[in-house]
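This report describes how one helix is packed and how the nonpolar interior of the chain is organised.

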Amino acid sequence: MAENSIPADSDLPVKPLDGQNDIGWAYAGAETDDYITDFVKFAATTSGPVADLGCGPGHNVRLLLNAGTKSVIANDINEDHLKKFYKTLSEEETERAVALRGSALTLNKIIKTGTLGGILAANLLHFLHPSEVRNAFRLFHELLAPGGKLCVIAFSTRCGVAAGSQELIRQRRKDGAEWPGLVTADFQEATKRDEASFEMAYKVLLNPEELRREAEAAGFHVEKAGFIPRPDYPAWFFIDNQPGMSSGLIAVKNPMSEPANSP
């Protein structure tokens, strides 16, 4: 991953998303879940490039490289993350990895349609507005080659971020809300990180059913979707003294599938 692959004047619009990249704790100190493990195994077998979107400090990029993935795209809006990770790579690894700085939502400006073998979007989508989440799934489908796989990990409503909003979420579900985990002014975050941490602005918490719905609407075949317990995450992520939950999804682009029409 040559440093000159992080252009000073990138063609990718750099749109900070309220600190989404200061989330190293969710990688460096956390155990790898079954969803990422399965995706990494697949990535090692595909001939097309594999993109890690919102890669942060590069923990999952490291897993992909160690597994033997032939070509890895490390994407993040934070140039410092990419440069620091670059310094940890061996000469051989720099031949298999490239950095793309900028918003993951605009990668179609650089990456050709239908060329990626896989996309990993871990701890990214909960920082997007619902309309951006929907567009992201369509973008993922557009960029993947037929047979390419998508892995998504996102915070769910069963975590400490939503500890003070469970009744609100239940009422939203009862009312048929499309996005029960939408973070609004009346959505109380009961737990906070220590003051030294960068406060992050979550936009929507996503449960497996929402991930499945959006993936299928974009034209994906969903292989699995479910909750992922996070006993290894910080105490503020717990809810009711129980480990908080992330949501996970693995989906494949069917060669015959077509994305749903935009509204």
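In helix α4 (residues 79–86), the buried residues, those under 20% relative accessible area with a 1.4 Å probe and protein chains only as cover, are H81, L82 and F85. Because these residues fall within an arc of 95° when α4 is viewed down its axis, they line one face of the helix; the arc is taken from the directions from the helix axis to the C-beta atoms. Their cover includes α3 (59–66), β2 (72–76) and β3 (97–101). At the start of α4, a side-chain oxygen of N78 comes to within 2.9 Å of the backbone nitrogen of D80.

The model is predicted: local features need pLDDT of at least 70 and side-chain atom pairs pLDDT 80 or more, while totals for chains, interfaces and linings use all residues. Residues are numbered from 1 along each chain as its sequence is written, and side-chain values use heavy atoms, without hydrogens and water.

Two nonpolar cores are listed below; such a core is a set of buried Ala, Val, Leu, Ile, Met, Phe, Trp, Tyr and Cys residues joined through side-chain atoms within 4.5 Å.

| Core | Size | Residues include |
|---|---|---|
| Largest | 33 residues | L125, F137, F140, L150 and L249 |
| Second, separate | 23 residues | I36, A122, C151 and I153 |

Helix α6 gives the most to the largest core, with 6 residues. Leaving aside neighbours within four places in sequence, L125 has contacts (heavy atoms within 4.5 Å) with residues including V133, A136, F137 and F140.

Of the 263 residues of the chain, 52% count as buried.

Note on methods
Buried means under 20% relative accessible area, exposed over 50%, partly exposed in between (1.4 Å probe, protein chains only). Helices (H or I, at least four residues) and strands (E, at least two) are DSSP runs, numbered from the N terminus. A polar contact is a pair of N or O atoms within 3.5 Å; within protein, one must be able to donate a hydrogen and the other to accept it, and residues adjacent in sequence count only if both atoms are side-chain atoms.
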